[in-house]
Amino acid sequence: MSLIATELDVRPLTLHTGAEIHGLDLREDLDDATVAQIRAALLKWKVIFFRGQDLDHADQIRFGRRFGDLTVGHPVFGYVEGYPELYSVAKDRFKARFDGEQLVRPWSGWHTDITAAINPPAASILRGVDIPPYGGDTQWTNLVAAYAGLSAPLRGFVDGLRALHRFTPPEGRLAKQDFIKRLADTPLVSEHPLVRVHPETGERALFVSPSFIKQIVGLSPRESEHLLTLLFEQILKPEYIVRFKWAPGDVAFWDNRATAHRAPTDIQQSDFGRQLYRITLVGDVPVGPDGRASIGLQGDPVLAHQIAD
């Protein structure tokens, strides 16, 4: 018998981005029809939220597997012991990662997960456990809506461009698990289309990840800087953004092919704890409007986890 008798209770949060889904217990074995409706809501709203779910690690992993193969927790920073699919998103996970004061711009911290890999994750599922009473909100922006909001001439221009995405592990950072040390030893570098065609919907999205994108191929450094600044400002227009106030047990599920997001920084100014756990789904190689696929220049793909006994 189906766990749902009617359509899902989907409640949009903004005009373009984000919706809450009510009336489901994600610990249950969801039938195929329910899974299909969740996927449809994800594709439409780009990020979906489930309130008050009492999931443990195994529940989260089992739910994620209904939507695809899972990656290792993080290709550089490792995983939760005993759960190779799970990455700990703790308040102080990047403590002492950088020395000195960093240059901060309006788009600092905004990113799409691991775009420096040839096949960035298709989606991410984040579960809140230890949540501060206030502060610590996460934001997402809709890269499909941002692309559509550009003028037609500019869309035509960026459709044919490509960009370099790079991630270099911080100096002195050691991988926690031996089997991924080879991934952490070298940078991840890929050349991606500046606009990617969504493999399920056919929509075009601005594939700009401010934390990873470094240079538009074929443009001078100054030209690249100006165009990237314009595109970063475009994706951060308020009408494309949803801001989510977490509570313990909440789950966020976002389409990594159509969104960028920003983790909170305000929480570092408080004594509150904050602990979440993330899993990611294996992604495909991005393709641009011209049919050209991304090129991996350095590092390994983000593949399904393969843990040696």
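# A walk through the sheets, starting at β5

Start by selecting strand β5 and strand β13 (residues 251-255): five bridges join the two, and they run antiparallel. What you have open is a predicted model, so keep a colouring by confidence at hand if your viewer offers one. The chain's mean pLDDT is 89, and 87% of its residues reach 70 or more. Be careful with residues 1-5, where the pLDDT is below 50. That stretch has nine contacts in the model beyond near neighbours in sequence.

**Stop 1: strand β5 and its two partners**

Stay on β5, residues 123-130. To see how β5 meets β13, show Ser124, which stands opposite Trp254. Now add strand β15, residues 275-281. β5 and β15 are also antiparallel, paired over seven bridges. For a landmark on this side, show Ala123 and its bridge partner in β15, Leu281.

Is β5 mostly enclosed or open? Six of its eight residues are buried, so the strand is largely enclosed by the rest of the structure.

**Stop 2: the whole seven-stranded sheet**

Widen the selection to take in the seven strands of this open sheet, in the order β1-β2-β3-β13-β5-β15-β4. The pairing here is mixed. Which strands stand at the edges? They are β1 (9-12) and β4 (87-90). Each has a single partner strand, so one side of each is left without a neighbour in the sheet. Turn the view to look across the strands: neighbours are turned by 25 degrees against each other on average, direction ignored.

**Stop 3: the β4 edge**

Zoom in on β4, which is joined to β15 by four bridges, with the two strands antiparallel. Two pairs are handy to label: Val89 with Leu276, and Ala90 with Gln275. Then show the side chains of β4. Tyr87 and Val89 make up its covered face, while Ser88 and Ala90 are on the uncovered one.

**Stop 4: the helices on the sheet**

With β4 and its bridges to β15 still in view, bring in helix α1, residues 32-45. Helix α1 packs on the sheet and touches β1, β2 (19-22), β3 (47-50) and β13. Its direction makes about 130 degrees with that of β3.

Next comes α2, which packs on the sheet too, touching β3, β5, β13 and β15. The direction of α2 makes about 25 degrees with that of β15. Colour the buried residues of α2: His57, Asp59, Gln60, Ile61, Phe63 and Gly64. What covers them includes α1, β3, β5, β13 and β15.

Before moving on, look at the start of α2. There, a side-chain oxygen of Asp56 reaches to within 3.2 Å of the backbone nitrogen of Ala58.

**Stop 5: Asp59**

Select Asp59, found in α2 (residues 57-65). Why does it count as buried? Its relative accessible area is 10%, and buried means under 20%. Show Arg62 as well, because residues three or four places apart in an α-helix point the same way. The side chains of Asp59 and Arg62 are joined by a polar contact of 2.4 Å.

Now reach further along the chain. Asp59 and Arg27 are 32 residues apart in sequence, yet their C-alpha atoms are 5.8 Å apart in space. Leaving aside neighbours within four places in sequence, Asp59 is in contact with Arg27 and Asp54.

**Stop 6: His198, in a loop**

Jump to His198, in the loop between β9 (195-197) and β10 (204-206). Is His198 buried or exposed? It is buried, with a relative accessible area of 4%.

Show its side chain and look for two things. One is the backbone nitrogen of Thr201, which the side chain reaches at 3.3 Å. The other is Asp255, whose side chain makes a polar contact of 2.7 Å with that of His198. Asp255 takes you back to β13, which covers residues 251-255. Setting aside neighbours within four places in sequence, the residues in contact with His198 are Leu43, Glu203, Asp255, Arg257 and Ala258.

**Stop 7: the three-stranded sheet**

Finish with another open sheet, made of three strands in the order β12-β6-β14, with antiparallel pairing. Its edges are β12 (241-244) and β14 (259-262); each has a single partner strand, so one side of each is left without a neighbour in the sheet. The twist averages 20 degrees from one strand to the next.

For a last close-up, select β6, residues 138-142, which four bridges join to β12. Thr141 stands opposite Ile241 in β12.

How values were computed:
Residues are numbered from 1 along each chain as its sequence is written. This is a predicted model: local features need pLDDT of at least 70, side-chain atom pairs count only at pLDDT 80 or more; totals for chains, interfaces and linings use all residues. Side-chain values use heavy atoms; hydrogens and water are left out. pLDDT is the predictor's confidence in each residue, from 0 to 100. Contact means heavy atoms within 4.5 Å. Two strands pair if DSSP finds at least two bridges between them. Axes are lines fitted to C-alpha atoms, for helices over the stretch in contact, and angles run from 0 to 180 degrees between N-to-C directions. Buried means under 20% relative accessible area, exposed over 50%, partly exposed in between (1.4 Å probe, protein chains only). A polar contact is a pair of N or O atoms within 3.5 Å; within protein, one must be able to donate a hydrogen and the other to accept it, and residues adjacent in sequence count only if both atoms are side-chain atoms.
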